[in-house]
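Dear colleague,

I am passing on the structure below, together with some notes on what came out of going through it. Please read the notes with the coordinates open beside them.

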Amino acid sequence: ALPIYLEFQQQVPEVKAKLDEQEELQRLLKSVTGSTIDISLTKSRWDHLMDAMASHQKQIDASIEKMRVSVDALIQKFLKDVQRFANHWNGNKPRDMSLFKTKQDFQEKGLNYVKDRVLEMAELVTGGEELAEKCRDFKVHAPDFSLLEDTAKDVGQHETMWGFYERFEVAVDELRDEDWLTFRAKTYRFEDLLKEWEDAMTKEL
């Protein structure tokens with residue numbers, strides 16, 4: 001229904017111009033012949049239509065205003081969520097690998113923590129994109145997304161770093177799983193592994 005209403009709105013000036021043209025012709029006809037063609041019913045219907053459209057437009061404007069208020073509330077909630085995430089991330093993100101004394105610490109307090117935050121960050125980024133779209137639709141000034149962008153960048157860098165460490169641990173575990181006699185005969189493989197990952201670290205990190 002709304003597309004039809006909007007299409008008709010665009011046609012109103014053209015129809016109004018034709019109606020004005022008919023009224024002008026009526027005045028000319030009356031001045032020349034002293035008689036006119038009755039178009040009062042057409043004009044009455046037109047005026048009624050314009051009143052109905054004006055009333056409908058008020059309803060639309062009121063609905064849009066309510067949506068704008070709703071979007072404003074969503075913006076405030078979103079900004080609080082981003083700030084809360086950023087505060088938690090900056091206070092708890094793993095900074096020093098030497099603090100992880102065991103493989104379990106590395107896995108639970110480091111790798112898994114980062115993976116969980118990556119998922120939460122992805123949800124916030126998606127929420128920000130949806131909110132920006134709502135702001136465009138309802139002509140509401142978009143919020144400042146700089147904190148979201150900076151935090152997402154930092155989380156992404158940690159995801160890359162910890163993903164690299166995870167792959168390195170997997171490669172080392174493959175060597176650990178070999179029995180000592182087999183490994184002792186091929187100790188060069190460990191040196192090759194270190195060199196390979198040193199080169200990869202230079203490229204990726």
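**A lysine under cover**

Lys93 is buried, with a relative accessible area of 14%, and I begin with this residue in what is, please bear in mind, a predicted model. Lys93 sits in the loop that runs between α2 (40–92) and α3 (103–137), and, when residues up to four places away in sequence are not counted, it touches Tyr113, Asp154 and His158. One of these partners, Asp154, belongs to helix α4 (residues 146–176), and the side chains of Asp154 and Lys93 are joined by a polar contact of 2.5 Å. Asp154 is itself buried, since its relative accessible area is 16% and the limit for that class is under 20%. Beyond its neighbours within four places in sequence, Asp154 is in contact with Trp89 and Asn90 as well as with Lys93.

**The overall picture**

Which secondary structure elements make up the protein? The assignment gives six helices and zero strands, so that the pattern read along the sequence is α-α-α-α-α-α. The protein has 205 residues, of which 25% count as buried, and it exposes about 14800 Å², with carbon and sulfur atoms supplying 56% of that area. Among the contacts with a separation of 6 or more, 72% are accounted for by residues 24 or more positions apart.

**Salt bridges**

How many salt bridges does a search of the whole structure find? The search returns six, and I describe some of them here. In helix α1, Lys18 and Glu14 lie four residues apart, about one turn of the helix, and their side chains meet in a salt bridge with an N to O distance of 3.8 Å.

Helix α2 holds a network of salt bridges that links Lys77, Asp81 and Arg84. On one side of this network, the side chains of Lys77 and Asp81 meet at 3.0 Å, N to O, and these two residues, both in helix α2, are four residues apart, about one turn of the helix. On the other side, Arg84 forms a salt bridge with Asp81 in which the closest N and O atoms are 2.8 Å apart. Arg84 and Asp81 are separated by about one helical turn, because they are three residues apart in helix α2. As for exposure, Asp81 counts as partly exposed at 22% relative accessibility, whereas Arg84 is exposed, with a relative accessible area of 52%.

**A buried leucine and a surface patch**

Is Leu131, in helix α3, buried or exposed? Leu131 counts as buried, because its relative accessibility is 5%. Leaving aside neighbours within four places in sequence, Leu131 is in contact with Val71, Leu74, Ile75, Phe78 and Pro143. For the last of these partners the separation can be given in two ways, as Leu131 and Pro143 are 12 residues apart in sequence and 9.0 Å apart in space, C-alpha to C-alpha.

On the surface, by contrast, Leu25, Leu28 and Val32 form a nonpolar patch, which together has about 300 Å² of accessible area. Val32, which lies in helix α1 (residues 2–33), is exposed, its relative accessible area being 63%.

**Confidence**

How far the details can be taken depends on the confidence values, which I would ask you to keep beside the rest. The mean pLDDT of the protein is 80, and 79% of its residues reach 70 or more. Among the elements, helix α3 has the highest mean pLDDT, at 90, while helix α5 (residues 180–184) has the lowest, at 57. Where pLDDT is low, the predicted coordinates should not be read in detail.

With best regards

Methods: Residues are numbered from 1 along each chain as its sequence is written. Side-chain values use heavy atoms; hydrogens and water are left out. Buried means under 20% relative accessible area, exposed over 50%, partly exposed in between (1.4 Å probe, protein chains only). Contact means heavy atoms within 4.5 Å. A polar contact is a pair of N or O atoms within 3.5 Å; within protein, one must be able to donate a hydrogen and the other to accept it, and residues adjacent in sequence count only if both atoms are side-chain atoms. Patches are made of residues with over 30% relative accessible area and no salt bridge: like charges are joined within 9 Å, nonpolar side chains (Val, Leu, Ile, Met, Phe, Trp, Tyr) within 5 Å. Accessible areas come from the Shrake-Rupley method with a 1.4 Å probe; for residues, only the protein chains shown count as cover. A salt bridge is a side-chain nitrogen of Lys or Arg within 4 Å of a carboxyl oxygen of Asp or Glu. pLDDT is the predictor's confidence in each residue, from 0 to 100.
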